[in-house]
Amino acid sequence: MKNNYTQTRIFNYAVADFDGFAELNISYTGSGEHNLLVNNSSCSNIISSNLNTIKVKTVSLDNFLKSYTNIVDFVKMDIEGSELLALKGMQNIIKNNNKIKVLMEFNPKCLLKMNCKPAQIIEMIFNYFNFKVFVIDEFKISNKGEYFEVFSKEDILSLLKNEYDYLNLLLKK
């Protein structure tokens, strides 16, 4: 138990929309930029033999947290383009919990590396899960304040100024 947190546990798994194994690309630029190399899922990036990879166990949160479904009320993810995989793997948790909140990075560049269209994840967030979506404006991209609601795919995409931009989104039921 580190830092005296008693309600937090750490598991050495990669989150996806399936249980099994995948290759984790080890980034040369920093530990925050590792990403999954998935070829048996709804999003898959181009697998290259030139990458330094390790084999990791993958879990869907719906399966892994079956006994905890009613108490999962917050999920934070910054998983370098695998956010759509994680959302698809936690559909039951989201649908069965009207109080759940998800804090996620929306990084189109990383999503595209996983062959996922950024619009696809936004449409799922709004139309399938019926989340209210808020932008945490850490970069002062808007004059609406530090935290503001967006109402459409166009609202979100209009806040991105170049291919390297990303947003932190808070999703609420």
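Two rings of Phe, Tyr or Trp pair if their centres lie within 6.5 Å; planes under 30 degrees apart count as stacked, and planes over 60 degrees apart count as edge-to-face. I noted this before I began, and I also noted that the model is predicted.

**Entry 1: aromatic pairs**

How many aromatic pairs does the structure hold? I found six. I looked up tyrosine 128 with phenylalanine 129: the ring centres are 5.0 Å apart and the planes stand at 70°, so this pair is edge-to-face. Tyrosine 128 is partly exposed, with 38% relative accessibility. Phenylalanine 129 is buried, at 1%.

Next I looked up phenylalanine 134 with tyrosine 147. Their planes are at 5° and their centres 5.1 Å apart, so I wrote this pair down as stacked. The pair joins distant parts of the chain, since phenylalanine 134 is in strand E7 (residues 132-136) and tyrosine 147 is in strand E8 (residues 147-150), 13 residues apart. Phenylalanine 134 is buried at 11% relative accessibility, whereas tyrosine 147 is partly exposed at 38%.

I also noted one aromatic cluster, formed by Phe11, Tyr13 and Phe64.

**Entry 2: charges over rings**

Which ring does the charged end of lysine 95 sit over? I found the ring of tyrosine 128, with 4.0 Å to its centre. I had already met tyrosine 128 in the edge-to-face pair. Lysine 172 lies over the face of phenylalanine 134, and the distance to the ring centre is 5.1 Å. Phenylalanine 134 is also a member of the stacked pair.

**Entry 3: the chain as a whole**

I then stepped back to the whole protein chain. It has six helices and nine strands. Of its 173 residues, 43% are buried. The chain exposes about 10,400 Å², and carbon and sulfur atoms supply 49% of that area. I also looked at contacts with a separation of 6 or more: residues 24 or more positions apart account for 70% of them.

**Entry 4: strand E5 and its partner**

Which side chains of E5 are buried? Val75 and Met77 point to one face and are buried, while Phe74 and Lys76 point to the other face and are not. The side chains therefore alternate along the strand, with buried meaning under 20% relative accessible area.

E5 pairs with strand E6 (residues 101-106) in the parallel sense, over four bridges. I followed one residue across: lysine 76 has leucine 103 in E6 as its bridge partner.

**Entry 5: lysine 101**

I stayed in strand E6 and looked up lysine 101, which is placed there. Lysine 101 is partly exposed, with a relative accessible area of 33%. Setting aside neighbours within four places in sequence, I listed its contacts as Asp73, Phe74, Val75, Leu170, Leu171 and Lys172. Among them, Phe74 and Val75 point to opposite faces of E5, and Lys172 is the residue that lies over the face of phenylalanine 134. I also checked phenylalanine 131, which is 30 residues from lysine 101 along the chain; the two C-alpha atoms are separated by 8.9 Å.

**Entry 6: the salt bridge**

Side chains of opposite charge can pair when their charged atoms come close. How many salt bridges does a search of the whole structure find? I recorded one. Glutamate 123 forms a salt bridge with lysine 153, and their closest N and O atoms are 2.9 Å apart. Glutamate 123 is in helix H5 and lysine 153 is in helix H6 (residues 153-158), 30 residues apart, so the pair links distant parts of the chain. Both ends are partly exposed: glutamate 123 has 35% relative accessibility, and lysine 153 has 24%.

**Entry 7: positive phi angles**

Most residues other than glycine have a negative phi. I looked up two residues with a positive value. Glutamate 80 has a phi of about 50° and is not a glycine. Its place is the loop between strand E5 (74-77) and helix H2 (83-88). Asparagine 115, also not a glycine, has a phi near 60°. Asparagine 115 is in the loop between helix H4 (108-113) and helix H5 (118-128).

Is glutamate 80 buried or exposed? Glutamate 80 has a relative accessible area of 12%, so I entered it as buried. Asparagine 115 has 48%, so I entered it as partly exposed.

Methods
Residues are numbered from 1 along each chain as its sequence is written. This is a predicted model: local features need pLDDT of at least 70, side-chain atom pairs count only at pLDDT 80 or more; totals for chains, interfaces and linings use all residues. Side-chain values use heavy atoms; hydrogens and water are left out. Buried means under 20% relative accessible area, exposed over 50%, partly exposed in between (1.4 Å probe, protein chains only). Contact means heavy atoms within 4.5 Å. Accessible areas come from the Shrake-Rupley method with a 1.4 Å probe; for residues, only the protein chains shown count as cover. A charge sits over a ring if NZ of Lys or CZ of Arg is within 6 Å of the ring centre and within 35 degrees of the ring normal. Two strands pair if DSSP finds at least two bridges between them. A salt bridge is a side-chain nitrogen of Lys or Arg within 4 Å of a carboxyl oxygen of Asp or Glu.
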